[in-house]
Protein chains: 2
Amino acid sequence: MPFANLLKNIQKHVNLNAEEEAYLLSLFSEKAVDKKEMLLHEGQPCHYFYFVYKGALRSYCLDKQGKESTIMFALQNWWITDMFCFLNDKPAIMFIEALQDSVVLQIHKKSLDNLLLKYPKFEKWFRVLMQNAYTREQLRVIDNLTLSAEEKYDKFLAKYPLIVNEITQKQLASYLGITPEFLSVIRKNKL
Amino acid sequence: MPFANLLKNIQKHVNLNAEEEAYLLSLFSEKAVDKKEMLLHEGQPCHYFYFVYKGALRSYCLDKQGKESTIMFALQNWWITDMFCFLNDKPAIMFIEALQDSVVLQIHKKSLDNLLLKYPKFEKWFRVLMQNAYTREQLRVIDNLTLSAEEKYDKFLAKYPLIVNEITQKQLASYLGITPEFLSVIRKNKL
DNA sequence: GTTATTTATTAATCTACCTTAATTTTTTTT
DNA sequence: AAAAAAAATTAAGGTAGATTAATAAATAAC
């Protein structure tokens, strides 16, 4: 019942009657993504906003030297997209890949626009999502400015204990902004 | 006419009738802040969201070693607060200080909550503010992960040419996450 | 307009983290 | 289950940027 989780997630913020609920769900479609498959590729249009029903995803971008930087990880019940490009109809600057065999529920940008126009009560839901995303990113900026590599690692473990099991050390290092070699040293020093 | 700018800013996103406009404006009050005066102090309740009518502000936080990290600068027509603490009614983790003699228009958290309840059309305005703030912070995270100190400096100049005139080198360095000494070297190398 | 404070400059030394590269372990593919 | 590919470990050497400290310049306070 993939849609039950989605509904529960949205109903945290908005009370829905049967009609609204039906309309909302009609806008989402289910999509399976195999491990290592790309849900979004840099340069492509980013038309969808994804709800993770099952599995784990990662978004990242590449700099000119080909170095990966992980933007975020998304486990079950998280939302993910290249938000800037999604909102502004720009070609993606990120990749989104499945870390495990996953199932997402996707909504098209146009459908989301229609939803917000037709039923403005969904504005609140999206507003709260954006609030949380903003304050989370701001916290991350502060951590990047003030913490050492080891402190960032410790904080990540404390904050996202479930993510660590789903990802490689290389991916974690690229989230923290350090090399996998150095993360290996940090981990060794803990033992 | 401090409120004209404020109205124009909000009306970019929401069409208002006379009643809504009057109610909105009734929630804001004007406040002058002298240069170097603190609008918010770490540990204090953060009850207000500020619109900069005139002048320039800066938010920053202090780590345990007393090192400053600038979170953001806000010039005319920008909004500023310690958003996480404002939204969640937590004691502030930031300071907000006036860089110049300034005038802000402030709205209390409770007033904003009431506004959004009474006139849900303002949800869209706040949603777009949060969207923009989120994608801006995400860009900053990516820049922090991928750029050298000099590249971050160049990008800041290109993106915020007006801010540079209002701030000290020390403040800019603390935004970029480098020491003022090193920023001095970077600047010298440009000549 | 002097004095006191803060900010900026410069240079020497230092260090957290990177780079490279070789080896081992784990995962994936067939 | 063998072979191939990817990830993790370890260590030597290197560098971007920090730290310290002393001097100069600019702001602010009186």
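**Exercise 1. A loop residue with an unusual backbone angle**

Classify Lys36(B) as buried or exposed, and state where Lys36(B) is found and what is notable about its phi.

*Solution.* Step 1. Lys36(B) has a relative accessible area of 66%; the cut-off for exposed is over 50%, so Lys36(B) is exposed. This value, like every other one in these exercises, is computed from a predicted model.
Step 2. In chain B, Lys36(B) belongs to the loop between β1 and β2 (38-40).
Step 3. Most residues other than glycine have a negative phi. Lys36(B) is not a glycine, yet its phi is positive, at about 75°.

**Exercise 2. A second positive phi**

Determine which loop holds Asn77(B) and how accessible Asn77(B) is.

*Solution.* Step 1. Asn77(B) is a residue other than glycine with a positive phi, near 75°.
Step 2. The loop that holds Asn77(B) runs between β5 and β6 of chain B.
Step 3. With a relative accessible area of 33%, Asn77(B) is partly exposed.

**Exercise 3. Salt bridges between distant parts of a chain**

Compare the setting of the salt bridge Lys190(A)–Glu150(A) with that of Arg58(B)–Glu97(B).

*Solution.* Step 1. Over all chains, the structure holds 20 salt bridges. In one of them, the side chains of Lys190(A) and Glu150(A) meet with an N to O distance of 3.0 Å.
Step 2. These partners come from distant parts of the chain, 40 residues apart: Lys190(A) is in helix α8 (residues 180-190) and Glu150(A) in helix α6 (residues 149-159), both of chain A.
Step 3. Lys190(A) is partly exposed because its relative accessibility is 38%. Glu150(A), at 39%, is likewise partly exposed.
Step 4. For Arg58(B) and Glu97(B), the N to O distance in the salt bridge is 2.8 Å. This pair also links distant parts of its chain, with Arg58(B) in strand β4 (residues 57-62) and Glu97(B) in strand β7 (residues 95-98) of chain B, 39 residues apart.
Step 5. Both Arg58(B) and Glu97(B) are buried, whereas Lys190(A) is partly exposed, as is Glu150(A).

**Exercise 4. A salt bridge within one helix**

Describe the separation of Asp113(B) and Lys109(B) along their helix, and classify each partner by accessibility.

*Solution.* Step 1. The closest N and O atoms of this salt bridge are 3.3 Å apart.
Step 2. Both residues lie in helix α4 (residues 109-118) of chain B; their spacing of 4 residues is about one turn of the helix.
Step 3. Asp113(B) has a relative accessible area of 34% and is therefore partly exposed, while Lys109(B), at 9%, counts as buried.
Step 4. Elsewhere, salt bridges with shared partners join Arg58(A), Glu68(A) and Glu97(A) into one network.

**Exercise 5. The buried face of helix α6(B)**

Explain why the buried residues of α6(B) can be said to line one face of the helix.

*Solution.* Step 1. In helix α6 (residues 149-159) of chain B, the residues Ala149(B), Lys152(B), Tyr153(B) and Phe156(B) are buried.
Step 2. Viewed down the axis of α6(B), the buried residues fall within an arc of 100°, so they line one face.
Step 3. The cover over these residues includes β5 (68-74), α5 (122-146), α7 (169-176) and α8 (180-190) of chain B.

**Exercise 6. Aromatic rings**

Classify the ring pair formed by Phe28(B) and Trp79(B), and identify the charge that lies over the face of Tyr175(B).

*Solution.* Step 1. There are 32 aromatic pairs over all chains. In the pair of Phe28(B) and Trp79(B), the ring centres are 6.1 Å apart and the planes stand at 55°, so the pair is tilted.
Step 2. Phe28(B) in strand β1 (residues 28-33) and Trp79(B) in strand β6 (residues 79-80) are 51 residues apart in chain B, and the pair links distant parts of the chain. Both Phe28(B) and Trp79(B) are buried.
Step 3. In chain A, ring pairs link a cluster of Phe28(A), Phe49(A), Phe51(A), Trp79(A), Phe86(A), Trp125(A) and Phe126(A).
Step 4. Arg140(B) lies over the face of Tyr175(B), 3.7 Å from the ring centre. Arg140(A) lies over the face of Tyr175(A), also at 3.7 Å.

**Exercise 7. Relation between the copies**

State which rotation superposes chain A on chain B and why the copies are said to meet through the same surface.

*Solution.* Step 1. A rotation of 180° with a shift of 0.0 Å along its axis superposes the chains, with an RMSD of 0.0 Å. The two copies are thus related as by a two-fold rotation axis.
Step 2. Of the interface residues of chain A, 100% are also interface residues in chain B, so the copies meet through the same surface.

Key:
Residues numbered from 1 in each chain as written. Chains lettered and ligands numbered in written order. Predicted model: local features only at pLDDT ≥ 70, side-chain atom pairs only at ≥ 80, totals over all residues. Heavy atoms only, no water. Salt bridge = Lys/Arg side-chain N within 4 Å of Asp/Glu carboxyl O. Helix = DSSP H or I, 4+ residues; strand = E, 2+ residues; numbered from the N terminus. Buried < 20%, exposed > 50% of the residue type's maximum accessible area, 1.4 Å probe, protein only. Least-squares fit on C-alpha atoms with pLDDT ≥ 70 in both. Contact = heavy atoms within 4.5 Å. Arc of directions from axis to C-beta. Phe/Tyr/Trp six-rings, centres within 6.5 Å; stacked < 30°, edge-to-face > 60°. Lys NZ or Arg CZ within 6 Å of the ring centre and 35° of its normal.
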